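Please open the model in your viewer, with side chains shown as sticks, and keep the selection panel at hand. The tour below goes from one selection to the next and says what is to be found at each stop.

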Amino acid sequence: MQKFRDVLSRWNGGDLSMMEAGELLGMSERQFRRYRDRYEEAGDAGLLDRRLGKLSTRRVPAEAIEEMLELYRHR
C-alpha cells in the first residue's frame with residue numbers, strides 16, 4: 001500500500017504518466033486507474049484484496065467429501 005501511495009503522489013504531482021505509474025507497480029494503466037478510483041473512494045481499505053475471507057464458488061460441500069471418503073474406505 002505504501003508503494004501505491006508513493007506512486008500515486010508522484011502521479012498527482014505530474015512526475016509520472018499513468019502508464020509509467022502502472023509500470024512501476026507492475027500493472028497496466030487501466031488497472032492503475034481502477035486502484036486509484038478505489039483508493040479515492042475507500043482509502044486504504046479500497047486497496048485490500050476483496051477475495052480474502054470469501055469461500056470459493058467451486059468449493060465442494062463437506063457432505064460430498066465425507067461421502068467420497070467413506071466410499072473410498074469401504075471399496
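Which residues make a nonpolar surface patch of about 320 Å²? Select V60, I65, M68 and L69, which together form this patch. Patches are built from residues with over 30% relative accessible area and no salt bridge, like charges being joined within 9 Å and nonpolar side chains (Val, Leu, Ile, Met, Phe, Trp, Tyr) within 5 Å; the areas come from the Shrake-Rupley method with a 1.4 Å probe, and for residues only the protein chains shown count as cover.

Before going on, note that this is a predicted model, in which local features need pLDDT of at least 70 and side-chain atom pairs count only at pLDDT 80 or more, while totals for chains, interfaces and linings use all residues. Residues are numbered from 1 along each chain as its sequence is written, and side-chain values use heavy atoms, with hydrogens and water left out.

Stay with L69, which is found in helix α4 (residues 62-74); helices (H or I, at least four residues) are DSSP runs, numbered from the N terminus. L69 counts as partly exposed at 31% relative accessibility, where buried means under 20% relative accessible area, exposed over 50%, and partly exposed in between (1.4 Å probe, protein chains only).

In helix α4, now select R73 and E70, which lie 3 residues apart, about one turn of the helix. Their side chains meet in a salt bridge at 3.4 Å, N to O, the term being used for a side-chain nitrogen of Lys or Arg within 4 Å of a carboxyl oxygen of Asp or Glu. R73 counts as exposed at 54% relative accessibility, whereas E70 is partly exposed at 35%.

The structure holds 3 salt bridges, and another of them is found by selecting D44 and R5, whose side chains meet at 3.4 Å, N to O. D44 lies in the loop between α3 and α4 and R5 in helix α1, so this salt bridge ties together parts that are 39 residues apart in sequence. Both partners can be coloured by accessibility: D44 is partly exposed at 35%, and R5 is partly exposed at 28%.

Turn next to the aromatic side chains, where 4 aromatic pairs are counted. Rings of Phe, Tyr and Trp (its six-membered ring) pair if their centres lie within 6.5 Å, and planes under 30 degrees apart count as stacked, over 60 as edge-to-face and the rest as tilted. Select F4 and Y39: their ring centres are 5.6 Å apart and their planes stand at 65°, so the pair is edge-to-face. F4 belongs to helix α1 (residues 2-12) and Y39 to helix α3 (residues 29-42), so the pair ties together parts that are 35 residues apart in sequence. F4 is buried, with a relative accessible area of 6%, while Y39 is partly exposed at 21%.

Then add W11 and F32, an edge-to-face pair with 6.0 Å centre to centre and 75° between the planes. This pair also links distant parts of the chain, with W11 in helix α1 and F32 in helix α3, 21 residues apart. F32 counts as buried, at 0% relative accessibility. Extend the selection to F4, W11, F32, Y35 and Y39, which ring pairs link into a cluster.

With the cluster still shown, which residue lies over the face of Y35? Select R38, which sits there at 4.9 Å from the ring centre; a charge sits over a ring if NZ of Lys or CZ of Arg is within 6 Å of the ring centre and within 35 degrees of the ring normal.

Move on to R36, which has its place in helix α3. Is R36 buried or exposed? R36 counts as buried, at 14% relative accessibility. Leaving aside residues up to four places away in sequence, R36 touches F4, L8, W11 and M18, where contact means heavy atoms within 4.5 Å. The side chain of R36 also meets that of D37 in a salt bridge at 3.1 Å, N to O, and D37 is partly exposed at 33% relative accessibility.

Finish at R10 in helix α1, a residue that is partly exposed, with a relative accessible area of 39%. R10 touches D15, L16 and L24, again not counting residues up to four places away in sequence. A distance drawn from R10 to A21 gives 8.2 Å, C-alpha to C-alpha, for residues that are 11 apart in sequence.

Note on methods
Helices (H or I, at least four residues) and strands (E, at least two) are DSSP runs, numbered from the N terminus.
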